[in-house]
Amino acid sequence: MRDLFRFLFRIRDTLLFLVLIGFSLTLLYSGNAHHRARAINSSNAVVGGIYSLRKQITDYTGLKEVNRRLAEENADFRNRMSSSYASVENRFVRINDTIHRQQYRYVPAKVVNSTWHKPSNTLTLDKGSKDGLHDDMGVIGPNGIVGVLNDVSPHFASVISVLSPEIKTSVQLRNTGHYGLLYWDTNDPRTSSVIDIPKHARVQAGDTVETRGGDRIYPAGIPVGTVLTVVDVPGINYHKITIQLTEDMTRSGYVYVVDDLQRLERDSLQLINSMP
Amino acid sequence: MITTILANIIRFVLLLLLQVLVLDQLDLANSYVVPYLYVLFLLMLPLELPGWASLLIGAVTGLAMDFFNSTPGMHTSACIVMMYLRISLLKLIAPREGYEHGMRATASRMGLTWFLTYSSLLVLAHHLWLFLIELHSFDLFFGTFLRALLSALTTLVLVLLAQFLTSVKDRERG
């Protein structure tokens with residue numbers, strides 16, 4: 001018995017090493033990939049605080065670019081305003097619209113930290129649960145989709161970027177409506193792949209790919225990218241499509257978090273249906 | 001004793017901030033090369049530190065990095081592996097008379113050859129582990145290997161640079 005204790009004491013460093021490495025590998029591989037960064041991520045108050053402090057300083061260097069992009073966006077919104085359309089008829093009737101109801105609300109947020117060169121990428125936003133954000137909300141930029149919220153703290157939120165093989169987004173071809181999944185396996189921040197689009201669907205370079213909607217994350221019709229190449233491998237029933245992402249993931253300054261206002265209703269309905 | 005602890009805590013904070021605020025944002029060779037200079041803190045820990053303490057300090061340092069990078073377990077495991085190797089390595093390359101009390105792992109104190117052996121082996125081990133874990137597979141083994149090698153070299157150059165910048169102060173202190 002004494003020899004055993006002496007032996008254990010002699011290899012104490014190795015024992016501690018095994019315990020610690022076991023702990024860290026559990027962290028690494030526990031849970032499903034989507035919620036992997038449950039506790040340890042940059043939505044933490046201290047980490048988020050340090051990142052937003054840095055952002056405050058480095059923001060000044062990017063003001064010109066941010067201004068340009070905001071101006072572009074303003075111009076786009078202005079184009080959609082009713083005052084930009086000449087009226088066809090002069091009689092206007094004010095209707096209390098009971099057919100259309102707002103379904104999505106957009107919460108603007110600033111990206112305080114982002115990566116795009118890793119095998120799996122994340123962003124940190126400066127809005128959190130106090131601004132009404134919660135898990136699994138979509139994040140879009142001025143030009144296209146950016147990612148999905150995976151954790152929120154009161155003032156910060158961490159986002160799994162579309163540049164991660166962990167998330168697959170439901171997308172469709174704007175022309176034909178054939179749908180597939182956006183899956184990042186290109187290891188290039190400018191491109192991504194679309195899988196599971198059947199071979200009989202007609203696709204050619206330059207076609208627009210947009211979100212399909214219905215996944216409670218993104219509204220339908222948000223631009224995702226344009227088709228770069230289509231490769232057909234014999235023996236496989238699906239196209240291998242590479243697309244160019246419309247959102248430049250290497251520089252997203254401001255983004256919008258999508259809040260689905262009917263989400264609760266739909267979720268509770270699905271919950272009731274799934275109960276035995 | 002207190003001075004040593006304080007110096008190490010300050011080094012920890014400074015190197016961690018330098019890592020997450022500056023080095024992680026660098027875009028070297030299209031981010032093919034990422035130096036992880038924060039390991040300098042682990043390299044410069046006192047030589048007479050007991051094994052269990054160095055393992056725990058390694059785990060905490062890695063965990064802090066993981067918080068900043070949202071990569072649970074990645075840096076933690078890499079640092080633990082590195083610190084475990086450090087225990088054996090220190091025994092292996094100890095001078096004939098053993099380490100004197102209060103000896104610090106610096107190039108000016110231990111000699112350049114000793115420091116180069118010590119830091120290059122540990123930095124390489126840390127980077128290799130990190131880049132392989134990050135990949136989650138052995139798909140691109142040689143590409144990743146090269147990436148780890150180049151990053152480790154960059155880190156090493158920064159480590160040596162830091163050593164030479166602080167060595168003047170060190171010699172004055174004796």
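**Exercise 1. Take stock of the two chains.**
Task: count the helices and strands in chain A and in chain B.

Solution. Chain A has 5 helices and 12 strands, where helices (H or I, at least four residues) and strands (E, at least two) are DSSP runs numbered from the N terminus. Chain B has 7 helices and 0 strands, and its pattern along the sequence reads α-α-α-α-α-α-α.

A word on conventions before we go on: residues are numbered from 1 along each chain as its sequence is written, and chains are lettered from A and ligands numbered from 1 in the order in which they are written. This is a predicted model, in which local features need pLDDT of at least 70, side-chain atom pairs count only at pLDDT 80 or more, and totals for chains, interfaces and linings use all residues.

**Exercise 2. Judge the confidence in chain A.**
Task: find which stretches of chain A have pLDDT under 50, and how many contacts each has.

Solution. Start with the average: pLDDT, the predictor's confidence in each residue from 0 to 100, averages 80 in chain A, and 85% of the residues score at least 70. Next, look at residues 31–37 of chain A, where pLDDT stays under 50 and the model has 13 contacts beyond four places in sequence; two residues are in contact if their C-beta atoms, placed from the backbone, lie within 7 Å. Then turn to residues 87–95 of chain A, where pLDDT is also below 50 and the stretch has 0 contacts beyond near neighbours in sequence.

**Exercise 3. Trace the barrel.**
Task: give the order in which the strands of the chain A barrel close.

Solution. The 6 strands run in the order β6-β7-β8-β11-β10-β9, with antiparallel pairing; two strands pair if DSSP finds at least two bridges between them. From one strand to the next the twist averages 40°, using axes that are lines fitted to C-alpha atoms and angles from 0 to 180 degrees between N-to-C directions. Now check where the ends of that order meet: β6 (residues 169–173) and β9 (residues 208–211) of chain A pair in the antiparallel sense over 3 bridges. As an example, A:Val171 has A:Thr211 of β9(A) as its bridge partner.

**Exercise 4. Place A:Asp185.**
Task: decide whether A:Asp185 is buried or exposed.

Solution. First locate A:Asp185, which is in the loop between β7 (179–183) and β8 (191–195) of chain A. A residue is buried if 20 or more other C-beta atoms lie within 10 Å of its own, exposed if 12 or fewer, and partly exposed in between, with C-beta atoms placed from the backbone. A:Asp185 has 11 other C-beta atoms within 10 Å, so A:Asp185 is exposed. Leaving out residues up to four places away in sequence, A:Asp185 touches A:Pro165 and A:Ser193.

**Exercise 5. Follow α4(B) to the interface.**
Task: test the length of helix α4 of chain B, then find what its buried residues pack against.

Solution. The expected span is 1.5 Å times one less than the number of residues. For the 19 residues of α4(B) (residues 74–92) this gives 27 Å, and the end C-alpha atoms are 27 Å apart, which agrees. Its buried residues include B:Met74, B:Ile80 and B:Arg86. The buried residues of α4(B) pack against α2 of chain A, together with α2 (39–43), α3 (51–69) and α6 (112–135) of chain B.

Finally, widen the view: 23 residues of chain A are in contact with 23 residues of chain B. On the chain A side, α2(A) gives the most, with 10 residues.
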